[in-house]
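Grab a coffee and work through these exercises with the model open beside you. Each one sets a task and then walks through a solution.

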Protein chains: 2
Amino acid sequence: MSEPRWLDADQQRDWRAFVDGSVRLTELLDRDLKTKHGLSVSEYEILVRLSEAPERRLRMAELAEHASQSRSRLSHTCSRLESKGLVFRGGCPNDKRGVYAHLTDEGFDALDRAARDHVETVRDFFIDIIDPSDLAAIGRAFTAVNKRIGEAG
Amino acid sequence: MSEPRWLDADQQRDWRAFVDGSVRLTELLDRDLKTKHGLSVSEYEILVRLSEAPERRLRMAELAEHASQSRSRLSHTCSRLESKGLVFRGGCPNDKRGVYAHLTDEGFDALDRAARDHVETVRDFFIDIIDPSDLAAIGRAFTAVNKRIGEAG
DNA sequence: GAACACCTGTTGAAGATTCAACTAATTCTG
DNA sequence: CAGAATTAGTTGAATCTTCAACAGGTGTTC
């Protein structure tokens with residue numbers, strides 16, 4: 001077995017900055033949303049995607065895809081959101097296997113309140129402290145990552 | 001309450017690319033390490049930090065800091081790593097409250113094997129598909145994020 | 001040096017996520 | 001159209017993480 005192509009010093013530094021930073025940032029956003037609005041980031045993400053969908057509803061599989069979650073996880077999380085009254089699930093006329101997750105009015109309001117705080121925190125710890133051209137680079141890079149993962153998966 | 005400063009279209013696009021990309025990438029790396037070597041990313045991270053420390057050992061609190069984990073989580077994870085024989089914990093002479101986590105030889109070998117595969121995957125889905133100047137931008141940006149979080153926390 | 005606040009690390013229970021197994025509906029194939 | 005293969009979504013158990021409470025050690029203050 002041949003020697004792998006280890007990262008050089010710069011690559012290693014940049015990769016680690018990203019790993020650390022993204023873990024810490026996610027954790028911070030999560031705690032922020034949780035203490036102020038009782039929502040985890042992944043619950044928030046679900047509400048966002050539903051709010052943007054036509055008629056504020058989405059098939060479970062689509063929602064899972066949009067929110068980067070497994071179907072099983074989405075099922076569990078939706079049950080919780082449903083018991084909080086932020087979401088409800090109803091059948092699908094065309095495909096009797098299918099289930100639509102709908103955002104309730106209450107869910108929309110909760111999202112609206114949360115988003116107002118969330119965007120400030122995202123600015124405070126990310127957007128506003130990054131050079132705009134570096135942000136554009138991040139956009140390009142992670143778009144490429146998503147594309148690559150899509151091809152492989 | 002005043003209207004928040006929402007993100008503009010570009011910022012939103014870039015931010016979402018990052019959120020999606022980092023979630024998917026982390027998940028992919030996790031599954032990769034888990035199937036090939038039975039290690040989660042956070043276990044791997046712990047082994048890496050220990051391997052780089054003088055005498056391959058670190059106080060629990062330091063290790064938690066380096067690996068971006070809570071102390072409680074580290075305690076639990078170390079118990080698991082210990083029962084796999086990759087780590088062991090021993091007391092600290094100076095401070096009788098303290099505990100050193102040590103990397104065992106077996107742990108070092110397991111890390112070595114895992115790292116060889118891991119670096120290839122990191123290259124395949126991140127380093128090698130990103131323009132080097134964009135990678136540098138990521139390094140700058142997340143260094144700033146870490147600094148910002150450090151100041152606030 | 002006694003009383004106090006603070007720090008270190010662990011624990012167990014509650015909560016969330018993963019994994020494999022499952023039901024039921026649709027689609028494909030001959 | 002029967003039967004096999006896929007797909008949608010859920011479920012419960014195992015695993016992992018978070019949270020609050022705790023035991024014990026350090027250090028500071030008067």
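**Exercise 1. Find out whether A:Phe18 and B:Phe126 are buried or exposed, then classify their ring pair.**

Step 1. Both A:Phe18 and B:Phe126 turn out to be buried. Here buried means under 20% relative accessible area, exposed means over 50%, and partly exposed is in between (1.4 Å probe, protein chains only).

Step 2. A quick word on what you're looking at: this is a predicted model, where local features need pLDDT of at least 70 and side-chain atom pairs count only at pLDDT 80 or more, while totals for chains, interfaces and linings use all residues. Residues are numbered from 1 along each chain as its sequence is written, chains are lettered from A and ligands numbered from 1 in the order in which they are written, and side-chain values use heavy atoms, with hydrogens and water left out.

Step 3. Over all chains, the structure has 13 aromatic pairs. Rings of Phe, Tyr and Trp (its six-membered ring) pair if their centres lie within 6.5 Å; planes under 30 degrees apart are stacked, over 60 edge-to-face, and the rest tilted. For A:Phe18 and B:Phe126 the centres are 5.4 Å apart and the planes sit at 15 degrees, so call this pair stacked.

Step 4. Now place the two rings. A:Phe18 is in helix 1 (residues 9-37) of chain A, and B:Phe126 is in the loop between helix 5 (105-125) and helix 6 (132-152) of chain B, so the pair joins two chains. Helices (H or I, at least four residues) and strands (E, at least two) are DSSP runs, numbered from the N terminus.

**Exercise 2. Classify the pair of A:Phe126 and B:Phe142, and say which cluster these residues belong to.**

Step 1. With 5.8 Å centre to centre and 50 degrees between the planes, the pair is tilted.

Step 2. A:Phe126 lies in the loop between helix 5 and helix 6 of chain A, while B:Phe142 lies in helix 6 of chain B, so this pair joins two chains.

Step 3. Check the burial: A:Phe126 has a relative accessible area of 0% and is buried, and B:Phe142 is buried with 0%.

Step 4. Put the rings together. One aromatic cluster is formed by A:Trp15, A:Phe18, A:Phe126, A:Phe142, B:Trp15, B:Phe18, B:Phe126 and B:Phe142.

**Exercise 3. Look for an Arg over a ring face in each chain.**

Step 1. The rule: NZ of Lys or CZ of Arg must be within 6 Å of the ring centre and within 35 degrees of the ring normal.

Step 2. In chain A, A:Arg57 sits over the face of A:Tyr100, 4.0 Å from the ring centre. In chain B, B:Arg56 does so over B:Phe108, at 3.6 Å.

**Exercise 4. Work out the strand order of the sheet in chain A and what packs on it.**

Step 1. List the elements. Chain A has 6 helices and 3 strands, running α-α-β-α-α-β-β-α-α from the N terminus.

Step 2. Pair the strands (DSSP must find at least two bridges between them). Strand 1 and strand 3 (residues 99-103) of chain A pair antiparallel over 3 bridges; A:Leu58, for one, has A:Ala101 of strand 3 as its bridge partner. Strand 2 and strand 3 of chain A also run antiparallel, joined by 5 bridges, and A:Val87 stands opposite A:Leu103 in strand 3.

Step 3. The result is an open sheet of 3 strands in the order 1-3-2, with antiparallel pairing. Strand 1 (57-59) and strand 2 (87-91) of chain A are the edge strands, each pairing on one side only.

Step 4. Add the packing. Helix 2 (residues 41-52) of chain A packs on the sheet and touches strand 1, strand 2 and strand 3 of chain A (contact means heavy atoms within 4.5 Å).

Step 5. Strand 3 of chain A has 4 of its 5 residues buried, so it is largely enclosed by the rest of the structure.

**Exercise 5. Compare A:Glu55 and B:Ser68, each with a positive phi.**

Step 1. Most residues other than glycine have a negative phi.

Step 2. A:Glu55 has phi near 60 degrees. This residue lies in the loop between helix 2 and strand 1 of chain A and counts as exposed at 64% relative accessibility.

Step 3. B:Ser68 has phi of about 55 degrees. B:Ser68 lies in the loop between helix 3 (60-66) and helix 4 (71-83) of chain B, and is buried with a relative accessible area of 9%.

Definitions and conventions. Axes are lines fitted to C-alpha atoms, for helices over the stretch in contact, and angles run from 0 to 180 degrees between N-to-C directions.
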